[in-house]
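Student: I'd like to practise reading a protein model. Could you show me one and let me ask about it?

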Amino acid sequence: MRGKETGTLAALTQFADEDLELLMLIRNFELALLDLFDAGKLNGTTHTCLGQEYVPVALAPLLREDFIFSNHRGHGHYLARFEDPDGLLAEIMGRAGAVCAGVGGSQHIYRDDYLSTGVQGQSLPVAVGVALHFKRTGQNRIAVVHIGDGTWGEGAVYEALNMARLWGVPLLVVVEHNGIAQSTPTTAQMAGTIADRAASFGIDHHEFHTADINLIRAELAPVVAAVRSGRAPAVVQFHTVRLGPHSKGDDTRSEAELADLRAREWSGEYARCYGEQFAAADVRQRTRIADLVADISARPLSSWPASTAATGSGAAL
């Protein structure tokens with residue numbers, strides 16, 4: 001089944017202030033991370049979701065009690081679930097208050113039915129097992145997996161979809177199709193379509209070409225309800241854009257390509273539609289993140305508790 005294919009820059013419906021605040025929280029969080037890397041204040045790597053922020057924001061109220069499997073580009077997923085920029089930024093900076101004591105970093109976070117990983121496709125087989133557990137134990141919950149279009153080159157994806165359909169487990173696969181896999185355009189590395197691949201397993205496919213949060217939620221609510229009932233898994237595909245580099249500074253796209261993406265991504269239309277409301281939310285969240293960066297930068301380094309190191313588990317996780 002294909003979803004509505006309204007354009008990303010179509011007229012937007014009115015939505016709650018908290019949605020706009022969360023969108024701008026994620027946007028300014030990601031921008032701050034890139035600034036910190038440019039300033040040499042972060043180690044390792046990071047993958048921002050600039051341009052894709054509306055996807056987890058739209059999904060958040062539909063998935064409050066469910067298990068979320070995120071991926072390498074998962075900061076927006078985490079913030080939409082927990083609204084905890086303090087713990088996440090401390091984790092990435094390796095400072096006190098880090099959600100995983102600083103050992104998970106940008107990509108590997110575990111907290112309260114939320115798991116992110118940098119291994120492409122790795123979460124799908126695990127999510128099928130979690131969904132099967134939910135079904136067998138009669139829990140009214142689903143397993144939700146975020147993947148990109150590039151992950152459809154992994155064999156684990158198809159093994160997982162096969163078992164999910166055979167077992168009829170409550171699994172929702174959310175595809176953030178941004179048209180590029182690291183530095184390779186999707187058109188150069190994927191034959192056929194994701195819709196056809198889902199159909200080959202008899203799995204429903206729903207497709208969105210809009211960034212309107214209300215429209216997305218309205219169409220997705222019955223899809224999530226059907227998955228929750230345990231009848232069958234579903235694949236939901238969002239056509240979006242990746243504004244930032246693959247990682248912190250490795251963008252190979254031309255300035256003309258980037259300018260085209262900036263013209264099509266959601267924030268420009270939101271700014272036009274909501275004017276002062278949008279600008280005010282942007283200022284509030286930019287100020288919030290700037291204050292948070294200053295606070296966390298001044299904290300001591302995080303430490304792995306001795307009891308956790310000995311047992312392999314602990315309150316930090």
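Student: What pLDDT does the chain average?

Tutor: Good place to start, since this is a predicted model and pLDDT is the predictor's confidence in each residue, from 0 to 100. In this chain, 91% of the residues score at least 70. The chain average is a pLDDT of 88.

Student: Which element has the lowest confidence, and which has the highest?

Tutor: Helix 11, residues 306-311, sits at the bottom with a mean of 50. Two stretches also stay under 50: residues 1-9, with 34 contacts beyond four places in sequence, and residues 309-317, with 11 such contacts. So the lowest element is helix 11, and the highest, at 98, is strand 1 (residues 67-69).

Student: How many cavities of 30 Å³ or more does the structure hold?

Tutor: Here's the idea behind the search: rolling a probe the size of a water molecule over the atoms shows where empty space is left. In this model the largest cavity takes up about 120 Å³, and the second largest has a volume of about 60 Å³. The count of cavities at 30 Å³ or more is three.

Student: Which helix gives the largest share of the lining of the largest cavity?

Tutor: The lining includes P56, L59, H77, A80 and R81. Helix 2 (54-59) and helix 3 (75-82) each supply at least two residues of that lining. The largest share, three residues, comes from helix 3.

Student: How many residues of that lining are nonpolar, polar and charged?

Tutor: Leu, Ile, Ala and Pro count as nonpolar, and Arg as charged. R64 and R81 are among the lining residues, along with L63 and I68. The split is six nonpolar, two polar and two charged.

Student: Is helix 3 mostly covered or mostly exposed?

Tutor: Buried means under 20% relative accessible area. In helix 3, H75, G76, H77, Y78, L79, A80, R81 and F82 are buried. Just after the helix comes E83, whose phi is positive, near 50°. With eight of its eight residues buried, helix 3 is mostly covered.

Student: What about the second largest cavity: which strand gives the largest share of its lining?

Tutor: This cavity is lined by 13 residues, and N71, V119, G121, H146 and I147 lie nearest its centre. The lining divides into three nonpolar, 10 polar and no charged residues. The largest share, three residues, comes from strand 3 (residues 143-148).

Student: Now for charges. How many salt bridges are there?

Tutor: Side chains of opposite charge can pair when their charged atoms come close. The cut-off used here is a side-chain nitrogen of Lys or Arg within 4 Å of a carboxyl oxygen of Asp or Glu. By that rule, the count is 14 salt bridges.

Student: Which residue forms a salt bridge with R217?

Tutor: The closest N and O atoms of this pair are 2.8 Å apart. It links distant parts of the chain, as R217 is in helix 8 (residues 213-228) and its partner D19 is in helix 1 (residues 17-38), 198 residues apart. R217 is buried because its relative accessible area is 16%, and D19 is buried too, at 8%. The partner is D19.

Student: Why do R27 and E53 both count as buried?

Tutor: These two form a salt bridge, with closest N and O atoms 2.5 Å apart. R27 is in helix 1 and E53 is in the loop between helix 1 and helix 2, 26 residues apart. Buried means under 20% relative accessible area, so R27 and E53 both qualify, R27 at 9% and E53 at 0%.

Student: Which residues are linked with R27 in a network of salt bridges?

Tutor: We've already met one partner, because R27 pairs with E53 under the 4 Å rule. The network also takes in a residue numbered 265. The residues linked with R27 are E53 and E265.

Student: Which residues lie nearest the centre of the largest pocket?

Tutor: About 620 Å³ of space lies in this pocket, and its lining has 30 residues. They divide into nine nonpolar, 14 polar and seven charged, and helix 9 gives the largest share, four residues. Nearest the centre are H177, N178, G179, H239 and T240.

Methods: Residues are numbered from 1 along each chain as its sequence is written. This is a predicted model: local features need pLDDT of at least 70, side-chain atom pairs count only at pLDDT 80 or more; totals for chains, interfaces and linings use all residues. Side-chain values use heavy atoms; hydrogens and water are left out. Contact means heavy atoms within 4.5 Å. On a 1 Å grid over the protein atoms alone, a cavity is a set of points where a 1.4 Å probe fits but cannot get out, and a pocket is an open set with protein on both sides within 12 Å along at least five of seven lines; lining residues have an atom within 4 Å of a point. Grid points are joined across faces, edges and corners, and a volume is the space filled by probe spheres set on the points. Buried means under 20% relative accessible area, exposed over 50%, partly exposed in between (1.4 Å probe, protein chains only).
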